[in-house]
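Me: Could we go through this structure together? I should like to begin with the ligand and then turn to helix packing.

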Amino acid sequence: MVPPELAERARATLRRNDRGGYTVPSARLYPFQWNWDSAVVALGWMTFDEERAWREIDSLLRGQWENGMVPHIIFHQPADTYFPGPEEWGRSHRSPPTSGITQPPLLATMVRAMVEQAREPQLARERCVKLLPGLVASHRWWYRERDPEGTGLAVIYHPWESGMDNSPSWDQPLAAVPGTSRPYARRDTSHIDASQRPDPADYDRFVHLLDRFRELNYDAAELYRQSPFRVADFGLNAILVRASDDLAILCDGQGDRATAVELRAAAARGRRALEDLWAPRLGQYVSFDTRTGERLTERTHSTFLAWHARLPHLSDLAGHFDAWMGAAQYGVASAHPRSTAYNPKKYWRGPIWPHINWLIGRGLAEHGEAERADRLRADTLALIERSGLREYFHPGTGEGFGGDEFAWTAAVVLIWGS
Ligand code: DGY
């Protein structure tokens, strides 16, 4: 059970971050609507305001592009506390303005969970029917534009698309990206201590990539050919295959068998390709740089999304998970605490992220791994009780870092507590 005061604080945080139909992750640090944040947050809203939960998804899909992509940021209203804003992406003429890249496709998985947990099933059915065309279009976009050669693995062009911006896995492919020489002003480090955020050299490259994509006018073929960063991220593809399964079930529910068959075939192709990313020597799954053909063998928590994606090798992975959990006071650290890249304060290079713990824990529970799932839940809630609704946490001390009153942290409290 989550203590009632903590659950109330979580609800108050979602209400406070509500901007009228969408939820900002954190008031000043992230003052717009973010794609995968909203997917998690919607399930949090579902625990106490179902109508509002469905509106979260409607607002997100209002930013969907004609080609099916759901952008990573929807700029519903202006705010001057964040860089890069809408004009940087060259898409400020859209209504609403958006960024030009995407984020991990969690949405269909969360919508399925929302449908299954609905206490107002009629409302859920009505809203889900309206959402399905957008969700299907977004999955077709992933397979068409991000896997044009039909390999089974979708690629990302920017570390921000992985959601795990400065993961050690991206060090190697990012080294091939030139840093921008144009002036720009970061805003994140005026809200959060720079030691907890990506390094300046990473940002120079992040900005180079976004400038390049804007210059290419987001042309799918040119992006695939020219993006200097083109990676098959294990974590994102694990999320994609699972979301395709979940979307197929939603399509079945609407009697759309043909689309369900199409999605299951895509997910099966994805699983076969993910299987090739198993690295027996390391006992984990890895990502893949499709420009160089090299495997990205850093030890990051993404590998544990294998449970969520229902991949093989889960028993081999269980030992790896236990050792990882045993290497720090709290789990699961985003980089292995004994890896050279480990930095327990720095964003995706060590800290614990509540929503990733929830995804891993849910996958474990689905596979009958109740004990491991309970440990993750207990660690996550203990961290939040100790340090508040922070963005991420120190695996050794439990200290909270990054944004405060963070929306998806609040949502995880509500989802795991309900
Ligand atoms: C940021 O700005 O830090 C985000 O992660 C990009 O979406």
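Reply: The ligand site comes next, followed by two helix pairs. This is a predicted model, in which local features need pLDDT of at least 70, side-chain atom pairs count only at pLDDT 80 or more, and totals for chains, interfaces and linings use all residues. Residues are numbered from 1 along each chain as its sequence is written, and side-chain values use heavy atoms, with hydrogens and water left out.

Me: Which residues surround the ligand?

Reply: The ligand is surrounded by Y30, W34, H72, Y82, W160, D165, R197, Y203 and Y347, each with a heavy atom within 4 Å of it.

Me: How far is the polar side-chain atom of Y30 from an oxygen atom of the ligand?

Reply: That distance is 3.2 Å for Y30. A polar side-chain atom of Y347 also lies 3.2 Å from a ligand oxygen atom, and for W34 a side-chain N or O atom is 3.0 Å from one.

Me: Moving on, at what angle do α5 and α6 pack?

Reply: Helix α5 (residues 107–117) and helix α6 (residues 121–145) pack at about 165 degrees, with axes 10 Å apart. The axes are lines fitted to C-alpha atoms over the stretch in contact, and angles run from 0 to 180 degrees between N-to-C directions. The two helices, α5 and α6, are therefore roughly antiparallel (an angle over 145 degrees).

Me: Which residues of α5 meet α6?

Reply: L107, A108, V111 and V115 in α5 meet A124, C128, L131, L135 and H139 in α6, with contact meaning heavy atoms within 4.5 Å.

Me: And how do α6 and α12 pack?

Reply: α6 and helix α12 (residues 234–253) pack at about 140 degrees, with axes 11 Å apart.

Note on methods
Helix = DSSP H or I, 4+ residues; strand = E, 2+ residues; numbered from the N terminus. Parallel < 35°, antiparallel > 145°, perpendicular 65-115°, else oblique. Polar contact = N/O pair within 3.5 Å; in protein donor to acceptor, adjacent residues only side chain to side chain.
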